[in-house]
Amino acid sequence: MIKVAHFSDLHYGPKNLKEADRCFEAAVTQAILEGVDCAIITGDSTDHALEAHQPVVRALARQVQRLASNCPVLLLQGTFSHEPPGFLRTLAMVGSKYPITVADGIDCFGLSADGTVIEQMQPGERYKIVFHTLPTLNKAALAALSESMDSGTAVHTQARFLISELLQSWSQLNCQLRAKGIPSMVLSHGTVFNSVSEHGVPMSGTDHELDLGSLFASQASGVALGHIHKQQDWVDTGNGHRQVVAYPGSIGRFHHGELGEKHWLLWSLDAEGAEIEKCPTPARRTVDLVFEGVPDLEKLRELSAGLKGADVRLRYEVDEESRQKVDRAAIRAVLEEAGVKDVQIEGKTLIVQRQRAPGISTASLEEKMELWCAATNTPNAYELQQRLSILLNSDPVAIAKTVLDQLEKENNPQKSEPVSNENSETSEDLMAELF
Ligand SMILES: [Mn+2]
């Protein structure tokens, strides 16, 4: 039985240093204690290009060195924007008891029979386990594979086809190895069609290069993958042995809202197939608190009980008018009092949208009111218009007198006949009636 430690997506960078290093250090320690035969890192060891002298490079190198002081290590090239080509070669220069091997192209490697080195496969040599590597490839590497392809076919369809051909081409060797009791693995960095991202989103686009059918068709006992940050795995026994395809996911939690625990994988492989043990890493705990309106500090105090040690992201949405009522310092104080480790406050101001009636600037005052009544669904527009007309055409004293007289008549209806102004068209009519 061969034991392989599988780590992936370490994403070392100044911003992630604490999280990545705490998790990877713990994982390396566990792997050493498990007495693994070798270790693999399936891409994205860094988050972006780093200067060689940066402390974060040193931290990563130190952990890789600890690993390589206990067993041979294989580093697989990940996404170029995260792990610039050539970086792994510098990492492989770190002095250690066992060699650090870099796989940055399509290749075959084997763990030597004495277990001291992972080397490029040599014909006639006997190995404990064989690794087929399919790292992130640049377009030129894909083009070199694609001589037989028709130039009219879409690039992603070509890539998928080529990759499935390549995986298929390894099956014969893997079957032969298995017959001799030697397990094999495919190591790759890419997206399995329909896998799920760390935020729970299914990856079902057409540009995802790996499909489970082709991965199992490689006849490898195990397929160790990198790229997707959420741990997930698939098992198939249809080929007469237990085949496992698995992502360990990222070593730490690098973003808020990432679902599930973080892991490294302990693979156990023999000719009968593969098993994985999911080993959790001490990834940070992140919690999202969401408020509609100004965050209520009492409510926040209640919610923050039990969030000791967690990283909290507080999100709120407020109207423009209430924006000034949000006291960020007080929010921070409440969370810090609860022992929250890191506070991130994200506020969104909702802009009040005012409806503008078309043509309003060219209309007369009466027309404006009509438009306003229509826009605001105000009933009795006709009555309002009459009143507006009175306001525009009569002097204030006359209007006041009319209103007072009317009130008096309403209070003493027997003294005189009530005056109805229902049919009055203008203020003159109304006045004439009254005087
Ligand atoms: Mn990654």
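Among contacts between residues at least 6 apart in sequence, what percentage join residues at least 24 apart? In this predicted model, the figure comes to 69%. The protein holds 13 helices and 16 strands, and 33% of its 435 residues are buried.

The overall outline comes next. The C-alpha trace spans about 125 × 60 × 40 Å along its principal axes. A compact globule of 435 residues would have a radius of gyration near 22 Å, yet here the value is 36 Å. The domain assignment splits the chain into domain 1 (2–280), domain 2 (286–350) and domain 3 (360–434). Between the C-alpha centres of domain 1 and domain 2 there is a distance of 40 Å.

Then there is the open sheet, built from 6 strands in the order S4-S3-S2-S1-S12-S13, with mixed pairing. Strand S4 (100–103) and strand S13 (273–280) sit at the edges with a single partner strand each, so one side of each has no neighbour in the sheet. From one strand to the next, the twist averages 20°. As for S13, its antiparallel pairing with strand S12 (residues 263–270) involves 8 bridges, and Leu-269 stands opposite Ala-274 in S13.

Helices pack against these strands too. Helix H1 (residues 17–34) lies across strand S1 (2–7), strand S2 (38–41), S12 and S13, and runs at about 180° to S1. Helix H2 (residues 55–68) also packs on the sheet, where it touches S2, strand S3 (73–76) and S4. The direction of H2 makes about 140° with that of S3.

Key. Residues numbered from 1 in each chain as written. Predicted model: local features only at pLDDT ≥ 70, side-chain atom pairs only at ≥ 80, totals over all residues. Domains from an automatic or database assignment. Pairing = 2+ DSSP bridges. Helix = DSSP H or I, 4+ residues; strand = E, 2+ residues; numbered from the N terminus. Axes fitted to C-alpha atoms, helices over the stretch in contact; angles between N-to-C directions. Contact = placed C-beta atoms within 7 Å. Rg over C-alpha atoms; globule rule 2.2 N^0.38 Å. Buried ≥ 20, exposed ≤ 12 C-beta atoms within 10 Å, placed from the backbone.
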